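The exercises below ask you to read a structure step by step, and each task is followed by a worked solution. Please keep the sequence and the coordinates open while you work.

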Amino acid sequence: MYVSMKDMLQHAHDNNYAVMAINVVNMEQVKACIESAEEEKSAVILNVSPRQMKAHAYPYIIAPMVKNLAESAGVPIALNVDHGVNMEDITKAIQCGYSSVMVDASSYEFEENIRRVRAVVSLAHAKGISVEAELGHVGVAADADGENTDYYTNVAQAREFVERSGCDCLAVAVGTAHGSYPKDRIPKLDFDRLKELSKTINVPLVLHGGSGAGEENITRAVACGINKINVCTDLMNHAKTSLLRALEEEPGIQYMELNERVEESMKDFIKAYMRLIGSNNRYTFEKHTGPEFD
């Protein structure tokens, strides 16, 4: 079930839940995501940023791996470029077999943002690939960008942006930010703005900077209209903690067994998150016990 994000997010939009979009850089993370999705009967999106594509998760390796595993899965699996800012990175991902792309032109003026998104939409839609865009700007948590309301998505512009750009889903800025927040700080989200955005535009909404936002914020964001939640830092930190714990508990552990231990730990985290945002048990129904007809 290797698909674009479009229909899975529309299903989430129609049924008031969200799908995890998880950044992955290796086989263990890919397997953990897809196996978790199958076990939870949930859709899942695998994200790879351009920086990750160039540093470790090379697209010619990741894309075939995800596609091969996804095609034997019984739930929808998408592979998405996360924050593609250069056309070269986006086209490279499409050529290697990604099923979805995000073009992030949020740091540009409104008209230039639309122009860049429309160019990618023209290219991607011709190949059945969905496109995510961003209006407003989700910055960096360490710089307190989430507190800068100047970065927040302008509700009045949102409808025009979606209609003119042709994007399939829209990332909005309502108070979260990328990376790790300062210790003991939970971001304050503008839920009133999020509700207005949900009423104003009829495409799935995306929350970036989901890591560290707190369970209450996450569940409330979903209730207010978020249909895709990006998770990177939380899972990376969870994997690192699991690895260090395994080495501390068993210093002589073999490398393969260490990877297996971390993979299982990541699955625990992912499955719990899927249940938190309501994406579990969306792709199943009770087994039919009556007659089967020709």
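Helices (H or I, at least four residues) and strands (E, at least two) are DSSP runs, numbered from the N terminus. The model is predicted, so local features need pLDDT of at least 70 and side-chain atom pairs count only at pLDDT 80 or more, while totals for chains, interfaces and linings use all residues. Residues are numbered from 1 along each chain as its sequence is written, and side-chain values use heavy atoms, with hydrogens and water left out.

**Exercise 1. Find the place of His83 and of Asn16, and state the backbone feature and the burial of each residue.**

Step 1: His83 is placed in strand 3, which covers residues 77–84, and its phi is near 60 degrees, a positive value in a residue other than glycine.

Step 2: For burial, the terms are buried (under 20% relative accessible area), exposed (over 50%) and partly exposed (in between), with a 1.4 Å probe and protein chains only. His83 has a relative accessibility of 16% and therefore counts as buried.

Step 3: Asn16 also has a positive phi near 60 degrees without being a glycine, but its place is the loop between helix 1 (5–15) and strand 1 (19–23). Because its relative accessible area is 61%, Asn16 is exposed.

**Exercise 2. Describe the salt bridges of Lys31 and of Glu39, and say where the partners lie.**

Step 1: A salt bridge requires a side-chain nitrogen of Lys or Arg within 4 Å of a carboxyl oxygen of Asp or Glu, and a search of the whole structure finds 17 of them.

Step 2: Lys31 pairs with Glu35, the closest N and O atoms being 3.3 Å apart; both residues belong to helix 2 (residues 27–40) and are 4 residues apart, about one turn of the helix. Lys31 is partly exposed at 23%, and Glu35 is partly exposed at 24%.

Step 3: Glu39 and Lys267 meet through their side chains in a salt bridge with an N to O distance of 2.7 Å. Glu39 lies in helix 2 and Lys267 in helix 11, so this pair ties together parts that are 228 residues apart in sequence. Glu39 is partly exposed, with a relative accessible area of 41%, whereas Lys267 counts as buried at 5% relative accessibility.

Step 4: A further salt bridge joins the side chains of Asp190 and Arg193 (3.1 Å, N to O), and these residues count as partly exposed at 24% for Asp190 and 22% for Arg193. Salt bridges that share partners join Lys31, Glu35, Glu39, Glu263, Lys267 and Lys271 into one network.

**Exercise 3. How many disulfides does a search of the whole structure find, and what is the situation of Cys33 and Cys169?**

Step 1: A disulfide is a covalent bond between the sulfur atoms of two cysteines. Here the criterion is a pair of cysteine sulfur atoms within 2.5 Å, and the search of the whole structure returns 0 disulfides.

Step 2: Cys33 is in no disulfide, and the nearest cysteine sulfur, that of Cys232, is 11 Å away. With a relative accessibility of 0%, Cys33 counts as buried.

Step 3: Cys169 is likewise in no disulfide, its nearest cysteine sulfur being that of Cys167 at 6.9 Å. Cys169 is buried, with a relative accessible area of 2%.
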